[in-house]
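Student: Hey, got a few minutes to go through a model with me? I'll put it up here.

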Amino acid sequence: MSAPGVGVEEFEFVEVRFKGGRKEFYRNNAHLRLTTGDAVVVDATGGGWHVGHVSLRGELVRLQMRKKHVEAGPEIKPIQRLASDGETEKLAAARAREADTLLRGRVMANQLRLQMKLADVEMQADGSRAVFYYSADDRVDFRELVRRLADDLRTRVEMRQISLRQEAGRIGGIGSCGRELCCSTWLTDFKTVSTTAARYQQLSLNPTKLAGQCGRLKCCLNYELDTYLDAIKDIPSVKKKKKKNKDGKEAKAGKEGGAAKPAKTPKPADAGRDARSSRPEKAGRPDKPPRPAALAQNGPAADAPPRERG
């Protein structure tokens, strides 16, 4: 298929976007004249059909496929047709059921006491499948939950685990910059973000300011990191000058030009006890003489004469 007004064959693959920013590549075998934003009917994974919207076409799709390491092979599914008004209405009706379906799933998960959080659900346009997206810290046995949801919804149910960043991207929101979240608009590759990026940019290591809606470090910390690293190479290092006293010698720790203060010796815990024990006895109260061994064992006799003091 050639582009309008240009005698060059257009790239036959297009990128189709679904709910929550999920994107997949499809082949335009029918050579349909597609523009960005057109609703198309495609074969869904696992059977049935679904409705998505064209997000990219032409050579930009070739670059995206090369970036994501996707080969243009026969396994890529074709686009069936442009969506009719009736098919787009079915998609809108399926989207209207998603809020109630997600609420039912959360109630059932709480009843089963499953340690998982149901973040979102995507209903297929033909109503043959419901995909639940959840986040959990550990592995969860949700087989009973799937059986209950399938009996309640009368459709096939699938569970897909996502990360906290993907959850924030599916739900959406407004960042601290005042713009819509990058992960819910254009960002698809989540790279590792560390506090080292904040240190190079001389940012305050405040967790509340560095964390995004997902509770992780903001992805935008990596945006200007390479620029800062290149600039640091040309910035000379700053060394602190050593202080000197009047004689020209280096001053030690303490006030400028003065000698260093002697370190305080730690006071032992029993110093006060020893000081109290070394106090002299008060006048008029001499020490008592030790008792004889015989008296110490048998005790003083009742008729024993008092001992004279010399």
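Student: How many disulfides are there?
Tutor: Zero. One thing to keep in mind throughout is that this is a predicted model.

Student: Why is Cys-182 not bonded to Cys-177?
Tutor: Because the sulfur of Cys-182 sits 6.4 Å from that of Cys-177, its closest cysteine sulfur, and that is too far for a bond. The cut-off for a disulfide is 2.5 Å between the sulfur atoms. Cys-219 is in no disulfide either, with the nearest cysteine sulfur, in Cys-214, 6.4 Å away.

Student: Is Cys-182 buried, exposed or partly exposed?
Tutor: Partly exposed, at 26% relative accessibility.

Student: OK, zooming out. How many helices and strands does the protein chain have?
Tutor: Nine helices and eight strands. The protein chain has 310 residues, and 28% of them are buried. Among contacts with a separation of 6 or more, 59% are between residues 24 or more positions apart.

Student: And what about the surface: what share of the exposed area comes from carbon and sulfur atoms?
Tutor: They supply 51% of about 22,500 Å². There's also a nonpolar surface patch of about 260 Å², made by Tyr-200, Tyr-228 and Ile-232. Ile-232 belongs to helix H7, residues 225-234, and is partly exposed with a relative accessible area of 37%.

Student: Now the inside. How many residues are in the largest nonpolar core?
Tutor: It has 20. Met-116, Leu-118, Phe-132, Leu-145, Leu-149 and Met-159 have the most contacts inside it. Helix H2 (85-111), strand E6 (117-123), strand E7 (129-135), helix H3 (143-153) and E8 each give two or more residues to this core. A second, separate core has 10 residues, including Val-14, Phe-18, Tyr-26 and Val-40.

Student: What does Met-116 touch, leaving out residues up to four places away in sequence?
Tutor: Its contacts are Tyr-134, Ser-135, Ala-136, Val-140, Phe-142, Leu-145 and Met-159.

Student: I was also looking at Thr-101. Where is that, and what does it touch?
Tutor: Thr-101 is in helix H2, and with 3% relative accessibility it counts as buried. Apart from neighbours within four places in sequence, Thr-101 contacts Val-121, Met-123, Phe-132 and Leu-153.

Student: Switching to charges. How many salt bridges turn up in the whole structure?
Tutor: A search finds 19. One of them joins Asp-120 to Lys-19, where the closest N and O atoms are 3.1 Å apart. Asp-120 is in strand E6 and Lys-19 is in the loop between strand E1 (13-17) and strand E2 (23-27), so the pair ties together parts 101 residues apart in sequence.

Student: Are Asp-120 and Lys-19 buried or exposed?
Tutor: Both are buried. They also belong to a network of salt bridges that links Lys-19, Arg-22, Glu-24, Arg-95, Glu-98, Asp-120, Glu-122 and Arg-170. Within that set, Arg-22 and Glu-24 meet at 2.7 Å, N to O, and Glu-24 is partly exposed, with a relative accessible area of 25%.

Student: How about Arg-143, what does its side chain meet?
Tutor: Asp-141, in a salt bridge at 2.8 Å, N to O. Arg-143 counts as exposed because its relative accessibility is 56%, while Asp-141 is partly exposed at 47%.

Student: Arg-170 was in that network. Which residues of H4 are buried?
Tutor: Arg-165, Glu-167, Ala-168, Gly-169 and Arg-170. The buried residues of H4 pack against E6 and E7. Just after H4, Gly-172 takes a positive phi of about 85°.

Student: And what comes just before that helix, say at Ile-162? Where does Ile-162 sit?
Tutor: In the loop between strand E8 (156-161) and helix H4 (164-171). Ile-162 is buried, with a relative accessible area of 12%. Not counting residues up to four places away in sequence, Ile-162 touches Ala-119, Tyr-133, Tyr-134, Ser-135, Glu-167 and Arg-170. Ile-162 and Tyr-134 are 28 residues apart in sequence, with 6.0 Å from C-alpha to C-alpha.

Student: Last one: is Gly-73 buried or exposed?
Tutor: Buried, with a relative accessible area of 10%. Gly-73 is in the loop between helix H1 (59-67) and strand E5 (79-82). From Gly-73 to Arg-27 is 46 residues in sequence and 9.5 Å in space, C-alpha to C-alpha.

Note on methods: Residues are numbered from 1 along each chain as its sequence is written. This is a predicted model: local features need pLDDT of at least 70, side-chain atom pairs count only at pLDDT 80 or more; totals for chains, interfaces and linings use all residues. Side-chain values use heavy atoms; hydrogens and water are left out. Patches are made of residues with over 30% relative accessible area and no salt bridge: like charges are joined within 9 Å, nonpolar side chains (Val, Leu, Ile, Met, Phe, Trp, Tyr) within 5 Å. Accessible areas come from the Shrake-Rupley method with a 1.4 Å probe; for residues, only the protein chains shown count as cover. A salt bridge is a side-chain nitrogen of Lys or Arg within 4 Å of a carboxyl oxygen of Asp or Glu. Helices (H or I, at least four residues) and strands (E, at least two) are DSSP runs, numbered from the N terminus. Buried means under 20% relative accessible area, exposed over 50%, partly exposed in between (1.4 Å probe, protein chains only). Contact means heavy atoms within 4.5 Å. A nonpolar core is a set of buried Ala, Val, Leu, Ile, Met, Phe, Trp, Tyr and Cys residues joined through side-chain atoms within 4.5 Å.
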